[in-house]
Amino acid sequence: MNLGIDLLPPQCDVLVVGAGPAGSAAAITLARAGVDVVLVDHHAFPREKVCGDGLIPDAHRALHRLGVLDEVMAQAQPVTHASLVASRGGRVDLPGTLAVLPRRELDDIVCRAAVRAGARMHAPVRFVAPLEAQGVVVGARLTHGEATREIRCRWLLLASGAVPQALIAAGMARRQSPSGVALRGYLKNESMQGRIDKLEVVWHRAVAPGYGWIFPCRDGVFNIGVGVFDGRDTNLRTLFDAFTRAYPNARDLVDGGRWIGPLKGAPLRTSLEGARFSRPGLLVTGEAAGSTYAFTGEGIGKAMETAMLAAEAVLAGRGHDEASVRAGYEARLAALKPRFALYERANGINRHPWLTDLVIWRGRRSPRVLRRMSGVLDETSNPGQLLSAKGFYRLFTE
Ligand SMILES: Cc1cc2nc3c(=O)[nH]c(=O)nc-3n(C[C@H](O)[C@H](O)[C@H](O)COP(=O)(O)OP(=O)(O)OC[C@H]3O[C@@H](n4cnc5c(N)ncnc54)[C@H](O)[C@@H]3O)c2cc1C
């Protein structure tokens, strides 16, 4: 699958930079429509990606559209509920179509599907800079070690994730700093297998202004981590230690468990902010475009969704001028923007963990409130309302 830099063709229709969920989703959509796609990543696949590995309903829907859901679920740990734990220990279980699969495996499945669809995957190959002619991006300069190659393309799709270097090199970064940061590790603890079988998301004063999580993978392995979205410089390691002291399931998991590899941190870019979405010859998609939700930090599904929108805009624009492709893509993203704004607003909960006591207490008592909370998970109800005056009113009247 990983063709080297020496085998790069001199040209293609679409060059996709980054073979994460976004890049591979775009490559699948384009290659299946007969477009000549080259996909590059600066890591050879399979590769690790620092993530919570949780697949929520939007990721299931995107994987289904891409035709790889069965393959993913054959390897994933299926999960039936997300368990929200409030700062005073109250807990509510929300039903949902959920799963956990380490990104090393997930991204490999989606990338292999892109190759099966006809995309050519070259890795390890790093995007260094766009090639331009009269203000239009017409290709890219790529490197590996001492080798440098140039490739010409009609469209360059930047799906390079939350690390901003490629965005900066392409002149597309509006903001270099991330929207949030998170840290995770893998622990093996077979004795906790029956005890933690949901996606546990935990708010606690010790972890404010962030939250902690424990997600069960297969074979007694757990993904455990903490994340913060408030722009301040946070020592995630200190927060992680506080989480494992304050939350009993985290404490027991660590005490009786064995670490598999080191704790690793990574940035997140959220709320469709921080980057320009397009310029002539170039579209930015996935987390590079800020496609991860604030508040929950979930981004795998939305990365694939925005990338499919980019691919659809390219396909819809065949035979038209490049400005119409860009306008089509930007309009598709603009239609998603209000939903991202609601998650940004709901992010207030992370700053005020006492709110979780209130919301979860009500969720335990009212089936309608519980349904609304489940609706946030599968995107049929509005997370921002949890913090609005109307939302508060409904909390106590439903
Ligand atoms: C700790 C943590 C926990 C998270 N937990 C969850 C979760 O449980 N569920 C969820 O849905 N989301 C979660 N997220 C968010 C999720 O990881 C992202 O939303 C998702 O990875 C975005 O996908 P992407 O394809 O846009 O970018 P990535 O997955 O980051 O892929 C980008 C790819 O581009 C490549 N690349 C970058 N620069 C270059 C370059 N110059 N040249 C060539 N290749 C390049 C990278 O190697 C990478 O493979 C979490 C994030 C973090 C940090």
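The following exchange examines how terms are applied to this predicted model.

User: What conventions apply to the numbering and to the features of this model?

Analyst: Residues are numbered from 1 along each chain as its sequence is written, and side-chain values use heavy atoms, with hydrogens and water left out. As the model is predicted, local features need pLDDT of at least 70 and side-chain atom pairs count only at pLDDT 80 or more, whereas totals for chains, interfaces and linings use all residues.

User: Why is Thr29 called buried or exposed?

Analyst: Buried means under 20% relative accessible area, exposed over 50%, and partly exposed in between (1.4 Å probe, protein chains only). Thr29 has a relative accessible area of 18%, and is therefore buried.

User: Where does Thr29 lie, and what does its side chain reach?

Analyst: Thr29 belongs to helix 1; helices (H or I, at least four residues) and strands (E, at least two) are DSSP runs, numbered from the N terminus. Its side chain reaches the backbone oxygen of Ala25 at 2.8 Å. A polar contact is a pair of N or O atoms within 3.5 Å; within protein, one must be able to donate a hydrogen and the other to accept it, and residues adjacent in sequence count only if both atoms are side-chain atoms. Leaving aside neighbours within four places in sequence, Thr29 is in contact (heavy atoms within 4.5 Å) with Leu66, Met308, Ala311 and Leu315.

User: What makes a set of residues a nonpolar core, and how many residues has the largest one?

Analyst: The term denotes buried Ala, Val, Leu, Ile, Met, Phe, Trp, Tyr and Cys residues joined through side-chain atoms within 4.5 Å. The largest such core has 115 residues, and Leu15, Leu55, Leu63, Phe127, Leu157 and Met304 have the most contacts inside it. Helix 8 (residues 300–316) gives the most to this core, with 10 residues. Apart from it lies another core, of 19 residues, among them Met192, Ile196, Phe222 and Ala250.

User: Which residues are closest to the ligand, and which classes make up its shell?

Analyst: A residue is near a molecule or strand if one of its heavy atoms lies within 4 Å of it. The ligand is surrounded by 37 residues, the closest being Asp41, Gly52, Arg103, Glu287 and Glu298. The shell has 17 nonpolar, 12 polar and eight charged residues; Ala, Val, Leu, Ile, Met, Phe, Trp, Tyr, Cys and Pro count as nonpolar, Asp, Glu, Lys and Arg as charged, and the others, Gly among them, as polar. Strand 14 gives the most to this shell, with three residues.

User: How far is an oxygen atom of the ligand from an N or O atom in the side chain of Asp41, of Arg47 and of Arg103?

Analyst: The distance is 2.5 Å for Asp41, 2.9 Å for Arg47 and 2.8 Å for Arg103. The protein covers 95% of the 1000 Å² of accessible area (Shrake-Rupley method, 1.4 Å probe; for residues, only the protein chains shown count as cover) that the ligand has on its own.

User: What makes phi of Gln134 and of Leu272 notable?

Analyst: Most residues other than glycine have a negative phi, and most peptide bonds are trans. Phi is positive, near 50 degrees, in Gln134 and likewise near 50 degrees in Leu272. Gln134 counts as exposed because its relative accessibility is 82%, whereas Leu272, at 5%, counts as buried.

User: Which peptide bond before Pro46, and which before Pro209, is cis?

Analyst: The bond from Phe45 to Pro46 is cis, with omega near 0 degrees. A cis bond also joins Ala208 and Pro209, with omega about 5 degrees.
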